[in-house]
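Welcome to a short set of exercises with worked solutions. Keep the viewer open, try each task yourself, and then follow the steps.

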Amino acid sequence: METAQEIQADNGEEVKEETKALKDGSICGHESLHSLLSANLKPELFQEVSRLLIGLNCGKALDTIDLPESTKSLSSGHNFDLQAFCFRADKELLRAPRVVRVGLIQNSIALPTTAPLLDQKRAIFEKLKPIIEAAGASGVNILCLQEAWMMPFAFCTREKRWCEFAEPVDGESTQFLQGLALKYNMVIISPILERDVNHGETLWNTAVIIGNHGNIIGKHRKNHIPRVGDFNESSYYMEGNTGHPIFETGYGKIAVNICYGRHHPLNWLAFGLNGAEIVFNPSATVGELSEPMWPIEARNAAIANSYFVGSINRVGTEIFPNPFTSGDGKPQHADFGHFYGSSHFSAPDASCTPSLSRNRDGLLISDMDLNLCRQLKDKWGFRMTSRYELYAELLAHYLKPDFEPQLISDPLLHKKSL
């Protein structure tokens, strides 16, 4: 691969612009792949490419939703990306449509990580409030924030000072959101760093589910903890102990598959077996590590489990005061790389929305008819044709110390030729 310096010698100023684009998180100056393609393809070609990339919902391209002027004003005034789409379902004779309006928020931190911790947290509150109010003004029924939204994603520094951000389930962040949930009659999913005061001050990566009456419905703790390069979070918390709970709300049955859990197909499956209709995946991931996987895994989960998925990733590059290493031989560094945003929704019929910006805060809104979940179960029969008894038998054997794979070798494989 050519280095930036080599390219610059050939192309002069063009390379400077490209380098700037890479540093600001854009794709050649565009906020997303979708916007890049839209700007550079003829309309008829763009339409066909979109069909292949994001699919069709009930045989048609997704419609956009016209949002209130107050929402648009908040978007322009606070410089956050705003997009809204509608997933349809086929009309049924025996069931009325079950349309719910769902929102995802992605954001960067508000102050440098060198600022006092309380100032950092309060600044994030102030930054998110107008975005949450935009969701409320748009009639969003269920809103999900990104992983550990109330702090920088400091877990991979391995410095214990960041534990001060931890809160009990009913702590400051929850109280801040409870008022907004009640004001807008909105369920809010709030992923936080939890301090379990009843169990020795243990820390967990937790999603708190706040009901539309301002009440706390419950919580779920992250099932899978990464140990990949910088993202070795077990210095702060370990695997969760809450199973795969489904939270029945007035707007549908929801679940939360936190971040690294998206890489585990059985984790997605378990939420489906328990009856989820929408599964949220609040995350914090950087381009060098995971971006090729990002548009694929959640969409596969939505298809395989016949539910909707909302994928959220934070935005920006968070620089920390003290350099750290990954234990991989690479030089020490003070950031994890660029959190590339790109939040999106996936539907059980393999369609998905375009992604939010790679480099700006954003609010993505979607109307989704939950009847589509059952319709796709009926169409494909994945539940009916699954052989869970075979998988259960294999897993039971696999967990035994004397497990041996079911391997049949060619009897001539190791026979010497004559």
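**Exercise 1: A pair of strands**

Which residue in strand 5 is the bridge partner of Cys144?

*Solution.* Before we start, keep in mind that this is a predicted model.
Step 1. Find strand 4 at residues 142-144 and strand 5 at residues 187-196.
Step 2. Look at how they are joined: the two strands run parallel, and 3 bridges link them.
Step 3. Go to Cys144 and look across to strand 5, where its bridge partner is Ile189.

**Exercise 2: The sheet around that pair**

Work out the strand order of the open sheet of 8 strands, and name its edge strands.

*Solution.*
Step 1. Read across the sheet to get the order 1-2-17-3-4-5-6-7.
Step 2. Check the directions of the strands: the pairing is mixed.
Step 3. Look for strands that pair on one side only, which gives strand 1 (63-64) and strand 7 (216-221) as the edges.

**Exercise 3: The sheet of 5 strands**

Describe the open sheet of 5 strands, then find the residue of strand 12 that stands opposite Val256.

*Solution.*
Step 1. The strand order here is 10-11-12-13-16, again with mixed pairing.
Step 2. Strand 10 (247-249) and strand 16 (344-346) are the edge strands, as each pairs on one side only.
Step 3. On average, neighbouring strands of this sheet are turned by 25° against each other, direction ignored.
Step 4. Now pick out strand 11 (residues 252-256) and strand 12 (residues 278-283), which pair in the parallel sense over 3 bridges.
Step 5. Across from Val256 you will find Phe280 in strand 12.

**Exercise 4: Two helix pairs**

Decide whether helix 5 and helix 6 are roughly parallel or roughly antiparallel, and do likewise for helix 3 and helix 4.

*Solution.*
Step 1. Two packed helices are described by the angle between their axes and the distance between the axes.
Step 2. Take helix 5 (residues 69-78) and helix 6 (residues 117-137): their axes come within 8 Å and cross at roughly 165°.
Step 3. Angles over 145 degrees count as roughly antiparallel, so helix 5 is roughly antiparallel to helix 6.
Step 4. For handedness, helix 5 passes helix 6 in a left-handed crossing.
Step 5. Turn to helix 3 and helix 4, whose axes lie 10 Å apart at an angle of about 160°.
Step 6. The cut-off gives the answer once more, so helix 3 is roughly antiparallel to helix 4.
Step 7. The crossing of helix 3 and helix 4 is right-handed.

**Exercise 5: Two pockets**

What lines the largest pocket and the second largest pocket?

*Solution.*
Step 1. Rolling a probe the size of a water molecule over the atoms shows where empty space is left.
Step 2. The largest pocket holds about 660 Å³ of space. It is lined by 25 residues, and the closest to its centre are Ile27, Leu33, Glu291, Pro295 and Ser342.
Step 3. Helix 3 (33-40), helix 4 (43-54) and helix 10 (294-305) each supply at least two residues of this lining. Sorted by class, the lining has 12 nonpolar, 10 polar and 3 charged residues.
Step 4. The second largest pocket holds about 420 Å³. Among its 21 lining residues, the closest to the centre are His34, Phe46, Ser50, Ile54 and Pro354.
Step 5. Helix 3, helix 4 and strand 2 (81-87) each supply at least two residues here, and helix 4 gives the most, with 6 residues.
Step 6. The classes in this second lining are 7 nonpolar, 10 polar and 4 charged residues.

Key:
Residues numbered from 1 in each chain as written. Predicted model: local features only at pLDDT ≥ 70, side-chain atom pairs only at ≥ 80, totals over all residues. Heavy atoms only, no water. 1 Å grid on protein atoms, 1.4 Å probe; cavity = no way out; pocket = protein on both sides within 12 Å on 5 of 7 lines; lining within 4 Å. Points joined across faces, edges and corners; volume = space filled by probe spheres on them. Helix = DSSP H or I, 4+ residues; strand = E, 2+ residues; numbered from the N terminus. Nonpolar A, V, L, I, M, F, W, Y, C, P; charged D, E, K, R; others polar. Pairing = 2+ DSSP bridges. Axes fitted to C-alpha atoms, helices over the stretch in contact; angles between N-to-C directions. Parallel < 35°, antiparallel > 145°, perpendicular 65-115°, else oblique. Left-handed = near helix turned anticlockwise from the far one by under 90°.
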